[in-house]
Every structure is written in structure tokens, then in C-alpha cells.
Amino acid sequence: MRTAWERVAPRGWGAHRSIGAAVRSAAPGATISVQPGEYVERLILDKPVVIRAEGGPGTVRLTGAGGPAVTLLAETGGLHGLTVEATDGAVAVLAERGAVTVEGCEIRGTVQVVGDAAPVLRTCRVTDAGVVLDDVSRARLVDCTVTGAPGVGILVRGDAEPELTGTRVSHTGADGLVFAGAARGLVDDCEVSRPGGAGLVLREQAAPTVRGTRVRDPRGDGIRVEGPPPLEPDGDGGPAASAPAATGASTGGPLLERVEVARAAGFGVWFSGRVGAVLRDATVTDPGRTGVLVADAARVRVDGVTVSHAGSSGLAVRDRAELAADRVTVERAGANGVLVRDDASARLTDLRLGATRYTAVHVGGRAEVVVTRAELHDTPEFGVRVVERGLAALDQVRIRAAEMGGFDVADRGDLTATGCTVVGGATGSTLASRHRPLLRDCEFARNGQTGVLVAAGTGAFLSGCVIRGSGDVGLRLADHGTAWVDGCTISDTGGTGLVVGAGARPTVRSSTVSDTGKNGIYLHAEAHGAFDDCVVSRAGYPALHVGAGADPTFRRLQLTETARGVSLDPRAEASFAECSSSGVAADDLPASARPARTAVLVGAAASGGPVPGPTAGRDIPATAGESLPELLAELDGLVGLASVKQDVSRLVKVMQMVRQRQEAGLQPPPLGRHLVFAGNPGTGKTTVARLYGRLLAAIGLLASGHLVEADRSMLVGEYVGHTAPRTQAVFRRAIGGVLFIDEAYSLVPTGQGGDFGQEAIVTLVKLMEDHRDEVVVIAAGYPSDMDRFVASNPGLASRFTRTLTFADYTPEELVRIVGQQARAHQYRLAEATGVALLEHFSALERDVRFGNGRAARQTFQDMTERQAQRVAEVADPTEDDLMLLVPADLPDRVA
């Protein structure tokens with residue numbers, strides 16, 4: 001009978017001379033005690049036995065000969081305290097099956113786990129080589145050390161799912177710890193230090209859970225998560241449909257929790273490719289480049305991350321990546337605190353950025369950013385900068401000590417800021433965008449120069465804002481700018497409260513200007529504007545100054561507690577109605593009891609500075625020189641559309657009456673200006689919408705009458721929080737004109753109750769109410785679908801009460817359109833050509849692809865191309881040859 005105890009010694013009586021012999025002799029469950037010494041053999045552990053170094057760790061050295069020193073095949077068993085060494089670069093320990101425990105061993109060579117093996121390595125030290133976990137293996141490494149590997153320290157690949165706990169990887173020639181393929185598993189309380197490449201790399205579909213792990217001093221990136229390569233954008237410029245949805249655990253992606261990265265030479269944490277991941281409660285310290293980078297098509301959720309002393313930006317999102325981040329802190333970044341550019345999007349909540357070298361939050365490209373609750377401080381540039389085509393929506397953002405200014409919006413960037421505060425800095429907010437930024441319930445305090453600057457040619461909205469303690473001007477509207485200012489307060493300025501530049505056109509309502517070092521309100525020469533229900537008090541200079549040629553209107557203006565009331569240039573053309581003053585030493589206000597009149601100069605002019613506003617109650621043509629009769633004639637000249645033209649003409653007459661009642665001081669009747677245009681493609685809906693805006697501008701009911709075209713892609717975001725800012729941005733561009741929403745029914749797609757289009761509709765309804773006198777909304781689309789759109793929200797049904805139906809063009813009308821195109825481009829139609837065209841359009845199949853007017857224009861283009869080919873064969877063409885279109889020039893299908 002074999003005993004439960006076997007003894008191995010290099011020499012001596014009663015002992016096995018090799019460990020392999022002892023294993024072969026031992027009974028299952030036996031313990032093999034190995035005496036100190038060196039054993040050269042290839043051990044195959046295929047029985048559930050325990051092998052121990054009798055003299056303790058380091059006393060037994062097992063050296064392989066031409067292959068793996070130890071091969072593990074047993075279901076159970078153990079190897080304790082041995083030093084295992086490979087020769088000639090062979091594998092030191094190969095686990096092929098079973099769940100053998102290897103404990104307290106020194107392993108000098110590669111450890112490889114394959115198949116479905118599930119060994120446990122506890123308190124082992126692997127030197128001068130790495131660990132490879134492959135196939136569907138389930139290895140456990142507990143409190144182990146891997147050091148000096150010439151390549152990767154620990155490589156996990158295939159479908160392996162290891163558990164690494166308390167394990168240390170150091171001084172590798174390449175990356176420290178790599179997961180590849182479809183590997184999963186757990187990395188808990190581990191450390192990677194001084195790797196030659198990145199500390200931790202997750203490639204392809206690998207999705208382990210990494211907790212409480214530290215990466216120190218990597219020569220590459222700290223943590224790099226590389227999904228599959230990004231797909232090409234689809235035909236509409238958006239990401240391909242198979243890109244991952246949502247982020248992190250919802251996609252089965254990797255989870256990085258309580259990780260620390262210190263002194264990475266490259267990026268702290270880098271996500272790239274098509275990957276969904278979660279980064280939670282992470283600390284990144286002193287990375288050579290960006291602290292956390294989200295790139296390509298990565299979709300990442302961040303909850304609690306601190307980045308300090310980054311060599312570049314603290315947090316960056318680029319390409320088509322998406323980031324949702326809560327509780328982010330960035331301190332002392334070498335560039336921006338947060339940088340979002342290209343077509344990326346980011347939603348940031350509870351953000352803390354301080355001591356950045358560049359702007360705290362920079363948004364560029366076509367990026368979209370939503371920031372809710374943030375503290376931004378101490379930057380030599382701006383708190384938030386939005387440039388190119390970027391879009392930022394800010395809520396409860398507090399900025400202090402941003403030297404150049406709080407907000408800066410330029411190029412085609414757009415900004416919505418609600419409940420934000422800017423303290424200190426040269427300028428509270430600089431708005432120099434082609435869009436129309438919105439500041440709502442914001443406060444700008446102790447800015448060194450200007451509280452809010454609306455740059456030349458820019459439009460902006462300020463609602464419920466407080467501007468106080470500006471070193472110079474509170475609110476400055478530069479030349480030819482427009483601004484809508486409602487319920488704002490400007491106080492304690494070193495210079496003028498509100499300054500309006502030449503050609504600028506503000507609308508200012510229910511606002512207060514007080515305690516200014518110079519004028520309360522100063523309008524430069526040739527300025528415009530409408531000021532209703534405003535109060536100016538305690539001004540150092542005259543409360544109001546109007547320059548030469550300026551023609552503002554003031555209704556119910558109150559001047560109080562100031563030495564001087566009004567200073568008017570002799571050539572000023574200001575109008576006053578129902579204005580009053582009290583406590584004014586030199587009361588120069590024109591008599592409010594008289595009707596609105598052109599004011600005259602009283603006393604000497606005073607100096608001051610500028611601010612904004614579009615006029616209300618004044619005729620502002622859509623295009624200089626346009627008149628109502630000219631526009632009605634243009635409408636009548638459109639081909640077809642008899643019922644539409646009749647409806648528009650009737651609406652214009654009603655609008656004229658509304659305007660006349662307003663000018664007479666009478667209440668306007670209930671009126672729905674918003675319209676539904678129902679018709680198939682190519683029936684002239686956009687053309688009529690553009691004319692409608694110009695008509696309303698010509699009678700003074702719209703400030704400019706311009707048309708802004710939008711569709712679902714411009715209004716609806718790709719994930720929660722991005723739709724409302726998009727819709728607001730497009731709507732603001734339409735203020736003073738017409739917002740034309742093509743294929744509006746696509747906002748309520750059938751069978752998709754949770755679609756973000758509903759958020760766009762809710763936002764749209766509120767905006768239509770807030771700006772009911774400043775914009776007209778026209779929703780257009782197929783007749784069969786527009787009823788569904790209007791019925792989708794009670795607010796839409798109450799605002800879209802009139803539908804104009806655009807009938808398809810008849811064949812005769814399509815021929816007329818071709819004739820118009822020919823005349824416009826200096827061509828002539830032969831008499832026979834008109835007959836051929838009528839036959840052509842009569843024969844066209846009117847399916848879903850039929851383009852109505854577009855079909856006529858395409859036919860004309862085809863004819864000109866065919867005529868060009870025909871005339872090219874004429875040796876010396878005459879003018880008639882060059883102009884005449886003949887039946888042979890029609891497309892082949894009707895020849």
C-alpha cells in the first residue's frame with residue numbers, strides 16, 4: 001500500500017531521487033516533501049498531490065530541460081515554496097488542466113495557462129518573464145509579483161477570465177498588464193509600476209473589471225482602452241449604425257473603478273476605437289499628456305475622477321466620441337481643463353476645474369457640450385470658450401478669476417447659459433458668434449472692463465441677468481449688433497451702464513440701470529433700439545444720452561435720483577412715450593403727456609459709451625428696398641399654388657390690420673402666425689416660407705424676416721441632455737424671422753415612444769411661447785404625416801391652427817416652371833419643345849420619388865447638358881444655336 005507521504009532528496013536512503021518519481025509513486029492526496037537541492041527535470045503534475053520544499057522557500061530549485069519545467073494537469077493539488085526555472089527561453093510553468101495551487105514559489109520564466117485550466121498562484125514571484133493567460137482559462141493570481149519581463153508583464157487573451165488580486169507587475173520591457181480578444185475577469189488591488197509601455201491595456205472586446213488598482217511611472221500611457229477601429233460615418237455624416245450604444249456596463253464593456261495613475265509619460269487614461277466603458281472614482285496624477293482622453297467612437301461614462309498636474313489638458317473628448325461625466329476635478333492642467341472638439345459630445349455634471357494654463361472648458365469643431373453645476377477658477381484665459389461650430393449649454397456654472405473673461409463665444413459657436421455666475425476677469429462674457437447666444441438668470445460681478453460684450457454684427461439674448469461692479473461698461477452692444485434684453489439689472493459700473501453702438505438694434509424690456517460712473521444708457525450716433533419699461537437711476541453723467549442720427553424709442557422710461565436726465569444730440573431722432581422722472585435735478589425728459597415725437601436737444605451733450613437692441617413697432621424690411629406690393633407680386637408670380645397664394649394674401653391683410661391696431665394703441669385680435677405646410681416634396685413649401693417671412697418683415701411684424709431651415713438632425717441629439725440645447729440654438733437663430741422645420745413629423749417617429757424627438761417638441765413649444773411675437777414657426781411635411789405631428793403634443797395643436805395645403809404641380813405647371821428656368825438662364829424653348837415637355841411630364845410616374853418642381857428643374861438641367869453636347873458638334877454656332885432648346889434635348893426616355 002502506498003503511503004500518504006513521499007520524500008525526495010538528491011541523495012540518501014529511502015527517498016526518491018526526482019520529484020517526478022515521487023509523483024508517480026504517490027497516492028492521490030499525498031504530500032511530497034522535497035529536500036533542499038537542485039533538481040533538473042520536467043515535472044508533470046498529473047495527480048492531486050501537494051509538493052513542498054521541506055527547507056522552506058528558496059531551498060529547492062527545479063530546472064526544466066528542453067521544455068516546461070512544470071506542467072500542471074491535475075484537478076487539484078499544490079506546489080509550495082519551490083524555485084522553478086526554465087532553460088533556453090522555454091516556459092517555466094505550463095497549466096493545461098485543473099486547478100492546482102502554486103504558492104510561495106519563485107518562477108524564473110514564463111507562466112502560461114491554456115485551455116480551461118484554473119490554477120491558483122498565491123504569493124509567487126515571476127522574474128525575467130511574464131504570465132500568459134489564454135483560451136478559456138480561469139486562473140487566479142493572489143499577492144503575486146511579476147517583474148523584469150522583457151515584453152508584456154501579464155497578457156490575458158482569448159476568452160480567458162482570470163482573477164488578479166493584490167498582484168504587482170513591475171519593470172517590464174513593454175506594457176504591464178494587457179487584456180485582449182474577448183477576455184474578461186477581475187483585477188483587484190493590483191499595482192503596475194515602471195512598465196516600458198502602458199501600465200494597463202484593454203484591447204478589442206476585452207472587458208474586465210478593474211478595481212483599486214494603481215499604475216506608477218509607465219513609460220507610455222497609464223491605462224489604454226482600445227476598442228475595434230471606428231466605423232466610417234454614414235451618408236448623413238453621423239456614426240454608423242453599428243457603433244456601440246450607451247456606455248460601460250450596459251454594453252458589457254470594461255469597468256475601471258478606484259484606479260490610480262501616477263506619472264505616466266503619455267496619457268493618463270486613453271479610450272479609443274468603438275468601446276463602451278465606465279471609469280469610476282479614479283485619480284490621475286502628473287501625466288505627461290492629457291489626463292483622460294476619449295477618442296474615435298468611444299462612449300465612456302465617468303463618475304468621479306480627479307486629474308492633477310497634467311502635461312496637457314485634464315480631460316479631452318475628440319473625433320466622434322461621447323462622454324457622460326459626473327464629479328470631475330481637474331487641477332493645474334498644462335492646457336485646457338476640459339477640451340471637447342471635432343464631432344464629439346460631452347455631458348458634464350459637478351465639474352471642478354482650477355489653475356489651468358489655457359481656457360478651463362474649450363469647445364470647438366462641431367462638438368456639443370452640456371455642463372451642469374461647475375466651479376471653474378484661476379485661468380489666464382477664459383472660463384468657457386466656444387468656437388468654430390461648437391455648442392455649449394451651461395447650467396449653474398460658477399467662474400472666478402478667469403483673467404480674459406468668463407464666457408467667450410466666437411465663429412459659429414453657440415452658448416446657452418442658465419443660472420451661471422462670473423466673478424472677476426476682464427470681461428464677464430464676450431459674445432462674437434454668428435449664432436445668437438442666450439444668457440438666462442446669469443450674474444456678472446466685478447469684471448475689470450465689461451460685464452457683457454456683444455460684438456459687432458452679433459445677436460444675443462439676455463434674460464433676468466445681473467451685471468454689477470464692472471470696471472467700465474456693464475453691457476456693451478458693438479456696432480450693428482442685435483440684442484434682446486429682458487428683466488436685467490446693471491449696477492455699480494465704473495463707466496456707462498448700457499452702451500449701444502452705431503447701427504446696433506437692441507430690444508430692452510423691464511430692465512434697470514443704476515449707480516453708474518458715467519451715463520446710464522448711451523446710444524452712439526446712428527444707433528437704434530426699443531426700450532420699454534426701463535428704469536435708470538443715480539447716473540454720474542446724464543442718465544440717457546442719444547447720439548446724432550440715433551432713432552431709439554422709449555416707452556414708459558423712468559429716470560430717478562440723478563443729477564441730469566437726458567442728453568440729446570441736436571440730430572437725434574429719439575421718440576418718447578409715457579416716460580417719467582423723479583428726483584432729477586436737471587429734468588430734461590421730453591413731456592410724456594404728448595404723443596410720441598421727435599425729441600430735441602436740451603442742454604449740452606454728454607460723453608459716455610455703448611449697448612444693444614432691435615426696434616419694435618418700426619417698419620424693418622426683410623431686404624433693404626423691398627416693399628409689400630413688390631413681395632405680393634413676387635408671390636403671385638409663382639407657378640401654380642393658387643390656394644396657397646390666396647391663403648397667404650389673406651394672412652398678410654390680417655397682419656396689416658394687426659399692425660395698424662398696434663400703432664393706434666388697440667389690442668390686437670387673437671392671431672396664430674405659426675403655420676403647417678402640408679405637401680409632397682418639391683411643391684414650393686420652402687419658397688413660400690421664405691416669402692412669408694419677408695412679407696411679415698415688410699409690414700413690421702418681424703424684425704428681419706430671414707429664414708432658418710431645420711430638420712430632425714439639427715434639433716435632436718444622440719443621447720439625453722443634448723436635444724434641448726440643439727433645439728434652443730436653432731430657434732435662437734430664427735428670432736426675428738421664420739423657423740422652417742422640414743419633415744417635422746420625423747420628430748415623432750411611429751413606434752418609438754422614448755425617442756428624443758419628443759424632447760425637441762417640448763423645448764420648441766416653450767420657445768414658441770417665450771418668443772411668440774418674435775418668430776414664426778412653419779412645420780412642413782407630407783400631408784398624411786403632419787396631422788400626427790400636430791397631435792403629438794397639446795402645445796403644438798394650440799399653436800398650429802392653420803394648415804396650407806400644397807398640391808402637386810400639373811403637367812402644364814411643370815412646363816411653366818421649365819420655361820421660367822429657361823428665361824432666368826437666358827435660354828429659349830422652341831414651340832415644339834413645349835409640346836414635347838407636356839407629353840414628358842404627363843407620362844412621368846408619380847410615385848414616392850416624384851419631385852414636382854425639382855423634377856422640372858432637373859429636366860431643365862438635363863436639357864441644357866444635352867443641348868451643350870449637340871451644339872458642340874456645330875462648327876460655328878450662332879447665338880440662336882446657343883440659346884434654343886429643341887425637343888431632341890429632352891431626356892432619352894421621351895425621345
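Let me start with D134, which is buried, at a relative accessible area of 12%. Buried means under 20% relative accessible area, exposed means over 50%, and partly exposed is in between, with a 1.4 Å probe and protein chains only. The areas come from the Shrake-Rupley method with a 1.4 Å probe, and for residues only the protein chains shown count as cover.

Before going on, a note on the source. This is a predicted model, where local features need pLDDT of at least 70 and side-chain atom pairs count only at pLDDT 80 or more, while totals for chains, interfaces and linings use all residues. Residues are numbered from 1 along each chain as its sequence is written, and side-chain values use heavy atoms, with hydrogens and water left out.

Back to D134. Which side chain does D134 meet in a salt bridge? The partner is R157, at 2.7 Å from N to O. A salt bridge here is a side-chain nitrogen of Lys or Arg within 4 Å of a carboxyl oxygen of Asp or Glu. R157 sits in the loop between β19 (154-156) and β20 (163-165), and D134 in the loop between β16 (131-133) and β17 (140-142), so the pair links distant parts of the chain, 23 residues apart. Strands (E, at least two residues) and helices (H or I, at least four) are DSSP runs, numbered from the N terminus. Unlike D134, which is buried, R157 is partly exposed, at 32%.

Next is R140 with E163, a salt bridge whose closest N and O atoms are 3.8 Å apart. R140 is in strand β17 and E163 in strand β20, so parts 23 residues apart in sequence are tied together. Both ends are partly exposed: R140 has a relative accessible area of 31%, and E163 has 30%.

A third pair is E769 and R799, with 3.1 Å between the closest N and O atoms. This pair links helix α7 (residues 757-770), which holds E769, to helix α9 (residues 794-799), which holds R799, and the two residues are 30 apart. E769 is partly exposed at 34%, whereas R799 counts as buried at 19%.

How many salt bridges does the structure hold? The total is 47. There is also a network of them, linking D175, R203, D221, R224 and E226.

Now for charges at the surface. E75, D116, D135 and D159 form a negative surface patch. Patch residues have over 30% relative accessible area and no salt bridge, with like charges joined within 9 Å and nonpolar side chains (Val, Leu, Ile, Met, Phe, Trp, Tyr) within 5 Å. Asp and Glu count as negative, Lys and Arg as positive, and His and the chain ends are not counted. The place of a charge is CG of Asp, CD of Glu, NZ of Lys or CZ of Arg. Within the patch, E75 is in the loop between β7 (70-72) and β8 (78-80), and E75 is exposed at 56%.

Is N447 buried or exposed? N447 is buried, at 1%, in the loop between β48 (443-445) and β49 (450-454). A polar atom of the N447 side chain lies 2.8 Å from the backbone oxygen of G424.

Last, two backbone angles. D281 has a phi near 50°, a positive value in a residue other than glycine. D281 lies in strand β32 (residues 276-285) and is partly exposed at 35%. R538 also has a positive phi, near 50°, in strand β60 (residues 535-539).

Note on methods
Polar contact = N/O pair within 3.5 Å; in protein donor to acceptor, adjacent residues only side chain to side chain.
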